[in-house]
Amino acid sequence: MNPLERARGAIGVKFRLHGRTVADGLDCVGLAGLAYGVEVPRGYSLRSGDIGVVVAGVAAAGLAPVADRRAGDLVLFRAGPGQLHLGIDVGESVIHADASLRRVVERPGAAPWPELMRWRPKTKEA
């Protein structure tokens, strides 16, 4: 299964801050870990707005920054002042853990937040 298929499989899972499993719930970091099959940290705060922490964590997970857009990319958004958010690009939509809707959803259309960075698994070409 690829990251996009794993993310799609999590649609409908309940939202839980610092959630790491489908059974207990997921937040955006937990969803990213599930999609890419990597361990992710606990006890972080995306509200800190510290992009450096996110970049280091994503690099440690084996993903490389990319400039072009492709379905299945992990995307970092600025969801609000000092608030970062992760989602999986689907092409015509984005899959993310929505705290307001209290579940993982596929949001149609372009994401409503400014995009800061995107990554995908490292390959020989990356």
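The following exercises, with worked solutions, concern a predicted model of a protein chain.

**Exercise 1.** Determine how many helices and strands the protein chain has and in which pattern they follow one another.

*Solution.* First, count the elements: there are three helices and eight strands. Next, read along the sequence, which gives the pattern α-β-β-α-α-β-β-β-β-β-β. Finally, consider the overall dimensions: the radius of gyration is 13 Å, close to the 14 Å that the globule rule gives for 126 residues, so the chain is as compact as a globular protein of that length.

**Exercise 2.** Establish the strand order of the open sheet and identify its edge strands.

*Solution.* The open sheet contains six strands in the order 3-8-4-5-6-7, with antiparallel pairing. Strand 3 (63–65) and strand 7 (103–108) each pair on one side only, and these are the edge strands. Within the sheet, strand 4 (residues 74–80) is joined to strand 5 (residues 83–89) by six bridges. Leu76 stands opposite Leu86 in strand 5.

**Exercise 3.** State which strands helix 2 and helix 3 touch, and at what angles the helices run.

*Solution.* Begin with helix 2 (residues 28–36), which packs on the sheet and touches strands 3, 4, 5, 6, 7 and 8. Its direction makes about 30° with that of strand 5. Turn then to helix 3, which lies across strands 3, 4, 5 and 8 and runs at about 10° to strand 8.

**Exercise 4.** Describe what is found at the start of helix 3 and just after it.

*Solution.* At the start of helix 3 (residues 51–60), a side-chain oxygen of Asp50 comes to within 3.1 Å of the backbone nitrogen of Gly52. Just after the helix, Gly62 adopts a positive phi of about 90°.

Terms used
Residues are numbered from 1 along each chain as its sequence is written. This is a predicted model: local features need pLDDT of at least 70, side-chain atom pairs count only at pLDDT 80 or more; totals for chains, interfaces and linings use all residues. Side-chain values use heavy atoms; hydrogens and water are left out. A polar contact is a pair of N or O atoms within 3.5 Å; within protein, one must be able to donate a hydrogen and the other to accept it, and residues adjacent in sequence count only if both atoms are side-chain atoms. Helices (H or I, at least four residues) and strands (E, at least two) are DSSP runs, numbered from the N terminus. Two strands pair if DSSP finds at least two bridges between them. Contact means heavy atoms within 4.5 Å. Axes are lines fitted to C-alpha atoms, for helices over the stretch in contact, and angles run from 0 to 180 degrees between N-to-C directions. The radius of gyration is taken over C-alpha atoms; the globule rule is 2.2 Å times the number of residues to the power 0.38.
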